[in-house]
Amino acid sequence: MKRAIDKLEPFQKAISKAHLASAGVSIDALNEKPLIAIANSWNEICPGHEPLRKLAEEVKKGILEAGGEPIEFNTIAMCDGIAQGHSGMRYCLPHREIISDSCEAMIVGEGVFDGVVYLASCDKIVPAMLNAAARINLPSIIVTSGPCYAEIKPNESKELRQKFLRGEISERDVIEGTLKYYTGPGICPFLGTANTMGCLCEALGMMLPQGALIPSSTSMRRFSARDSGVALMHLVKNDITPSQIMTQDALDNAVTVLSAIGGSLNALIHLPALAHELGLKLEWSDFANTTSEVPVICNIVPNGNLTCVDLYKAGGIPAVMKSIEKFLNVDCLTVTGKTVKEELNKKIDIDRNVIRTIDDEKSVANGIQVLYGNLAPEGALVKTSAVPVELHQFEGIARVFNSEEECFEAFNKKLIQPGDALIVRYEGPKGGPGMKELHRITEVMKAIPNTAIITDGRFSGASGGLSIGYLCPEAAEDGPISIVEDGDKIHVDLANNKIYVDLTDEEIQNRIKMKKPFSHQQEKGLLGRYAKLVNSAKEGAILK
């Protein structure tokens with residue numbers, strides 16, 4: 001791909017190079033070496049991103065060793081954990097678009113780069129960088145910080161939080177105890193969206209093998225970053241671009257790996273959005289078809305009581321892919337320059353105590369399901385692998401809330417009872433606006449048995465229990481969830497992929513005609529624009 005700067009007439013080209021030289025880029029490098037952008041989302045707010053400054057230095061070493069000239073710039077990155085439970089969460093999904101757009105503006109706008117290393121770690125940032133790589137289509141590779149080590153088991157961390165909610169320990173106690181789970185900078189240790197999307201980068205071929213789960217703050221993590229710089233230069237020299245790697249077959253591989261690890265439901269927003277950037281298509285029905293066949297073969301929290309570092313020690317994503325090889329498209333190209341088949345033919349040690357075979361009796365399909373019915377005509381999502389078996393069939397009484405805050409208020413007043421089906425609506429992409437993640441609700445509701453949460457909002461990858469979200473059409477689009485009333489009977493049947501309310505089609509249509517308009521406070525600025533432009537969750541919450 002010819003750089004824009006090289007098409008300039010001689011005088012302007014010289015002036016543009018003078019600007020780069022004044023920023024410290026050597027004149028000889030400008031004329032003789034490939035210029036490599038390092039798009040870094042480092043900051044001191046998000047723990048997953050704090051290590052990226054040092055990792056960028058390792059990437060630069062690899063680029064320099066392989067004959068390139070690295071030039072770094074930064075973009076933003078929010079921490080979903082900090083934004084939980086308040087209105088700031090509405091910015092998390094929209095800021096995916098800001099990151100992609102900012103990378104496009106810097107890389108395409110400056111017009112001087114031959115390749116890109118994208119450094120990202122967390123929930124919306126890795127998908128944003130993938131989208132940017134697809135859109136810009138310069139030779140690219142993804143680098144993350146890796147998961148942090150946990151000194152305590154996931155269930156110990158959960159119990160710590162429940163003790164705090166029961167008033168048994170202080171704020172200081174829960175903070176200090178939690179630091180034994182989040183022991184330092186790096187991605188949260190569970191299989192949330194952050195680690196899920198890192199794993200899917202490997203599955204897509206956009207990251208070096210083992211690159212997703214090498215623990216943060218280790219020498220191996222630094223070596224992987226350095227090797228990524230070298231690999232990027234190989235991609236540049238051979239003109240291998242993301243569109244050659246992230247094909248339809250590669251997307252299918254990502255869905256297959258998602259199913260095998262029991263990954264985050266947010267992938268069902270991010271992968272369709274990525275497909276859109278690539279000019280391809282990925283629908284919820286494609287996920288449903290795959291997850292009904294490909295079993296979950298490891299119990300990483302929230303599907304069990306193991307962390308992502310445990311998965312790494314057991315062989316990581318290469319071991320997972322080797323275990324499900326029969327389901328994969330093995331001729332796909334990767335950033336190593338080799339195919340999936342060639343990478344899987346290498347020696348891969350697998351701990352079968354962590355990563356099961358596909359025919360193990362504990363390896364069961366339908367880790368993620370798409371539910372349909374008169375409450376969700378276009379679908380709703382549930383992470384079945386994290387739902388207790390006794391809740392696979394559920395009948396409950398609707399308790400309706402028009403916001404996350406209303407639901408919290410009812411919980412704090414002890415108004416929610418076992419057997420309630422909590423309808424939390426107007427939290428979708430348009431209705432929020434911004435499609436808040438309702439992880440805190442799923443967490444506090446663990447204290448009340450036999451309850452379901454049903455929402456047009458979304459969930460953290462760490463959410464468990466009968467949590468059904470991403471419901472389409474959302475309430476703000478006059479979906480049936482908008483007319484549910486307190487006392488309606490709600491039915492969930494995971495065995496048959498169904499969710500419905502005890503109302504006839506005629507009753508639903510009459511209620512839709514009679515319902516009063518509702519919306520949250522009209523937003524200005526970013527959220528106001530987002531509400532006008534965003535498409536539905538099933539389309540990836542992309543902007544029109």
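Two strands count as paired when DSSP finds at least two bridges between them. With that in hand, here is a friendly tour of this predicted model. A hairpin links strand β5 to strand β6 through two residues, and β6 turns up again among the elements that cover helix α13. An open sheet of four strands and two cavities of 30 Å³ or more complete the picture below.

**The β5-β6 hairpin**

- Strand β5 covers residues 369-373, and four bridges join it to β6.
- These two strands run antiparallel, and the connection between them takes two residues.
- If you want a pair to find on screen, start with Gln 369, whose bridge partner in β6 is Val 382.

**The four-stranded sheet**

- Reading across the open sheet, the strand order is β2-β1-β3-β4, and the pairing is parallel.
- β2 (69-74) and β4 (140-143) form the edges, each pairing on one side only.
- On average, neighbouring strands of this sheet are turned by 20° against each other, direction ignored.
- Strands of a sheet pair through backbone hydrogen bonds, either parallel or antiparallel.
- Five bridges hold the parallel pair of β1 (residues 35-40) and β3 (residues 115-119).
- Within that pair, Asn 40 has Leu 119 of β3 as its bridge partner.
- β3 also runs parallel to β4, with four bridges joining the two.
- There, Val 116 stands opposite Ser 140 of β4.

**Edge strand β4, covered on both faces**

- In a regular strand the side chains alternate between the two faces of the sheet.
- Are the residues on the two faces of β4 buried or exposed? Ser 140 and Ile 142 on one side are buried, and so are Ile 141 and Val 143 on the other.
- β4 therefore has all four of these residues under 20% relative accessible area, although this strand pairs on one side only.

**Helix α13**

- Helix α13 spans residues 267-277 and is mostly covered, with nine of its eleven residues buried.
- The buried residues are Ala 267, Leu 268, Ile 269, His 270, Leu 271, Pro 272, Ala 273, Leu 274 and Ala 275.
- What covers them includes the helices α5 (94-110), α6 (125-136), α9 (193-204), α12 (248-261) and α14 (284-291), along with strand β6 (376-382).
- After α13 comes Gly 279, which has a positive phi, near 75°.

**The two cavities**

- Rolling a probe the size of a water molecule over the atoms shows where empty space is left.
- How many cavities of 30 Å³ or more are there? The count comes to two.
- The largest cavity has a volume of about 70 Å³.
- Twelve residues line the largest cavity, and those nearest its centre are Leu 265, Lys 383, Phe 459, Ser 463 and Ser 467.
- The lining of the largest cavity divides into five nonpolar, six polar and one charged residue.
- The second largest cavity has a volume of about 40 Å³.
- Its lining consists of Ile 142, Val 143, Thr 144, Met 207, Leu 208, Gly 211, Arg 221, Ser 224 and Ser 228.
- Two elements, β4 and α10 (219-237), each give two or more residues to the lining of this second largest cavity.
- Which element gives the most to that lining? α10 does, with three residues.
- By type, the lining of the second largest cavity holds four nonpolar residues, four polar and one charged.
- Ile 142 and Val 143 link two parts of this briefing: they line the second largest cavity, and they are buried on opposite sides of β4.

Notes
Residues are numbered from 1 along each chain as its sequence is written. This is a predicted model: local features need pLDDT of at least 70, side-chain atom pairs count only at pLDDT 80 or more; totals for chains, interfaces and linings use all residues. Side-chain values use heavy atoms; hydrogens and water are left out. Buried means under 20% relative accessible area, exposed over 50%, partly exposed in between (1.4 Å probe, protein chains only). Contact means heavy atoms within 4.5 Å. Axes are lines fitted to C-alpha atoms, for helices over the stretch in contact, and angles run from 0 to 180 degrees between N-to-C directions. On a 1 Å grid over the protein atoms alone, a cavity is a set of points where a 1.4 Å probe fits but cannot get out, and a pocket is an open set with protein on both sides within 12 Å along at least five of seven lines; lining residues have an atom within 4 Å of a point. Grid points are joined across faces, edges and corners, and a volume is the space filled by probe spheres set on the points. Ala, Val, Leu, Ile, Met, Phe, Trp, Tyr, Cys and Pro count as nonpolar, Asp, Glu, Lys and Arg as charged, and the others, Gly among them, as polar.
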